[in-house]
Amino acid sequence: MKEKLTVLIGNDDGIEAEGIRLLAKELGKFADVYISAPRNQKSAYSHSLSCNIPLYFGETEVEGA
């Protein structure tokens, strides 16, 4: 029996970005897919620091993931 792959997708365009949703849907056909993405678009935020700003995490259902 073949073991199912596990895939983690990350982006900075936000969880609602069309590209990340399409990728998750296609990969979901043969893998368990998890997504790590901000709620809103955050391009170029990788250069910022969050020392004094709390970070919040949550779960969202995405088709295929």
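**Figure 1. Close-up of R39 in the segment after strand 2 of the predicted model**. R39 lies in the segment that follows strand 2. The residue is exposed, because its relative accessible area of 71% is over the 50% cut-off. When neighbours within four places in sequence are set aside, R39 is in contact with G14 and I15. R39 and T60 are separated by 21 residues in sequence, and their C-alpha atoms lie 9.4 Å apart in space.

**Figure 2. Close-up of L49, an exposed residue in the segment after strand 2**. L49 is placed in the segment after strand 2. With a relative accessible area of 71%, L49 is exposed. Between the C-alpha atoms of L49 and V7 there are 27 Å, and the two residues are 42 places apart along the chain.

**Figure 3. The pairing of strand 1 with strand 2**. Strand 1 comprises residues 5–10 and strand 2 residues 31–36. The two strands run parallel and are joined by six bridges. Within this pairing, L8 has Y34 in strand 2 as its bridge partner. G10 stands opposite S36 in strand 2. As for confidence, the mean pLDDT is highest in strand 1, at 93, and lowest in strand 2, at 91. Over the protein, the average pLDDT is 84, and 94% of the residues score at least 70.

**Figure 4. The β-α-β unit and the buried face of helix 1**. Strand 1, helix 1 (residues 18–27) and strand 2 form a β-α-β unit, which is right-handed. In helix 1, the residues I20, A24 and L27 are buried. Viewed down the helix axis, the buried residues of helix 1 fall within an arc of 70°, so they line one face of the helix. An α-helix has 3.6 residues a turn, so residues three or four places apart point the same way. The cover over the buried residues of helix 1 includes strand 1 and strand 2.

**Figure 5. The largest nonpolar core and the surroundings of I9**. Six residues make up the largest nonpolar core, namely I9, A17, I20, A24, L27 and V33. Helix 1 gives the most to this core, contributing three residues. In soluble globular proteins, nonpolar side chains tend to be buried together. Residues up to four places away in sequence being left out of the count, I9 touches I20, L23, A24 and L27. I9 also touches V33, Y34, I35 and S36.

**Figure 6. Close-up of I20, a buried residue of helix 1**. I20 is located in helix 1. Its relative accessibility is 5%, and I20 therefore counts as buried, the cut-off being under 20%. Apart from neighbours within four places in sequence, I20 is in contact with I9, N11, G14, I15, I35 and A37. The C-alpha atoms of I20 and K42 are separated by 14 Å, with the two residues lying 22 residues apart along the chain.

**Figure 7. Close-up of L27, a buried residue of helix 1**. L27 likewise has its place in helix 1. Since its relative accessibility of 18% is under the 20% cut-off, L27 counts as buried. With neighbours within four places in sequence set aside, L27 is in contact with V7, I9 and V33. L27 and L5 are 22 residues apart along the chain, and 9.5 Å separates their C-alpha atoms.

Key. Residues numbered from 1 in each chain as written. Predicted model: local features only at pLDDT ≥ 70, side-chain atom pairs only at ≥ 80, totals over all residues. Heavy atoms only, no water. Pairing = 2+ DSSP bridges. Helix = DSSP H or I, 4+ residues; strand = E, 2+ residues; numbered from the N terminus. Right-handed = clockwise from strand over helix to strand, strands pointing away. pLDDT = per-residue confidence, 0-100. Buried < 20%, exposed > 50% of the residue type's maximum accessible area, 1.4 Å probe, protein only. Arc of directions from axis to C-beta. Contact = heavy atoms within 4.5 Å. Core = buried A, V, L, I, M, F, W, Y, C linked by side-chain atoms within 4.5 Å.
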